[in-house]
Amino acid sequence: MKRFMLVSVLTVSALASQAALANPDLAKAKNCMACHAVSTKLVGPAYKDVAAKYAGQKDAEAKLVAKVMKGGSGTWGAIPMPANPQVSDAEAHTLVKWVLAQK
């Protein structure tokens with residue numbers, strides 16, 4: 001039972017740590033905020049607009065992680081989004097989950 005509790009505490013702690021990174025600080029650290037903002041369009045769309053566009057789509061996270069990692073174009077206009085080599089796969093998932101949670 002003690003071992004189960006320890007594993008549970010460590011798991012919750014790890015999840016809380018990941019959630020703590022899922023905020024504007026991680027986006028700033030990875031230069032996402034150079035082109036995006038939470039509620040206003042800059043070079044790219046506002047994160048709240050991205051969240052609204054992809055709301056309810058089961059594959060939204062996978063689509064957006066691919067765009068963060070590989071770049072993309074045409075979804076939001078003529079300006080392409082470059083790939084972000086500074087972002088790991090795990091960080092991309094964390095960032096995308098945060099973006100999709102914006103209202």
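Which residues make the nonpolar surface patch of about 280 Å²? I started my notebook with that one, and the trio turned out to be Leu 42, Val 43 and Ile 79. A note to myself before going on: this is a predicted model.

**Entry 1: the patch**

I looked up Ile 79 in more detail. I found Ile 79 in the loop between H4 and H5. With a relative accessibility of 58%, Ile 79 counts as exposed. The cut-off I needed for that call is over 50%.

**Entry 2: cysteines**

Next I went looking for disulfides. A disulfide is a covalent bond between the sulfur atoms of two cysteines. My search of the whole structure came back with zero of them. Cys 32 takes part in no disulfide, and the nearest cysteine sulfur to it belongs to Cys 35, at 9.0 Å. Seen from the other end, Cys 35 is likewise in no disulfide, with the sulfur of Cys 32 as its nearest, 9.0 Å away. The pair would have to be within 2.5 Å to be counted, because that is the cut-off for a disulfide.

Are these two cysteines buried or exposed, or something in between? I noted Cys 32 as buried, at 14% relative accessible area. Cys 35 is partly exposed, at 31%.

**Entry 3: salt bridges**

Then I turned to charged pairs. Side chains of opposite charge can pair when their charged atoms come close. How many salt bridges does the rule give? I got three.

I took Glu 91 and Lys 30 to begin with. Their closest N and O atoms are 3.3 Å apart. Glu 91 sits in helix H5, residues 89-100, while Lys 30 is in the loop between helix H2 (24-29) and helix H3 (47-54), so this salt bridge ties together parts that are 61 residues apart in sequence. I also checked how covered the partners are. Glu 91 is partly exposed, with a relative accessible area of 23%. Lys 30 counts as buried, at 16% relative accessibility; the cut-off for that is under 20%.

My next pair was Asp 59 with Lys 63, where the N to O distance is 3.8 Å. Both ends are in the in-between class: Asp 59 is partly exposed at 39% relative accessibility, and Lys 63 is partly exposed at 37%.

The remaining entry on this page is Glu 61 with Lys 97, at 4.0 Å from N to O. This pair links distant parts of the chain, with Glu 61 in helix H4 (residues 60-70) and Lys 97 in helix H5, 36 residues apart. I logged Glu 61 as partly exposed, at 23% relative accessible area. Lys 97 is partly exposed too, at 48%.

**Entry 4: the largest pocket**

Last, I looked for open space. The largest pocket has a volume of about 680 Å³. I counted 34 residues lining this pocket, and the closest to its centre are Cys 35, His 36, Gly 44, Pro 45 and Met 81. I was glad to meet Cys 35 again here, having just noted it as partly exposed.

Which helices each supply at least two residues of the lining? I wrote down H3, H4 and H5. H5 gives the largest share of the lining, four residues. I had already come across H5 in the salt bridge entry, as the helix that holds Glu 91 and Lys 97.

Definitions and conventions:
Residues are numbered from 1 along each chain as its sequence is written. This is a predicted model: local features need pLDDT of at least 70, side-chain atom pairs count only at pLDDT 80 or more; totals for chains, interfaces and linings use all residues. Side-chain values use heavy atoms; hydrogens and water are left out. Buried means under 20% relative accessible area, exposed over 50%, partly exposed in between (1.4 Å probe, protein chains only). A salt bridge is a side-chain nitrogen of Lys or Arg within 4 Å of a carboxyl oxygen of Asp or Glu. Patches are made of residues with over 30% relative accessible area and no salt bridge: like charges are joined within 9 Å, nonpolar side chains (Val, Leu, Ile, Met, Phe, Trp, Tyr) within 5 Å. Accessible areas come from the Shrake-Rupley method with a 1.4 Å probe; for residues, only the protein chains shown count as cover. On a 1 Å grid over the protein atoms alone, a cavity is a set of points where a 1.4 Å probe fits but cannot get out, and a pocket is an open set with protein on both sides within 12 Å along at least five of seven lines; lining residues have an atom within 4 Å of a point. Grid points are joined across faces, edges and corners, and a volume is the space filled by probe spheres set on the points.
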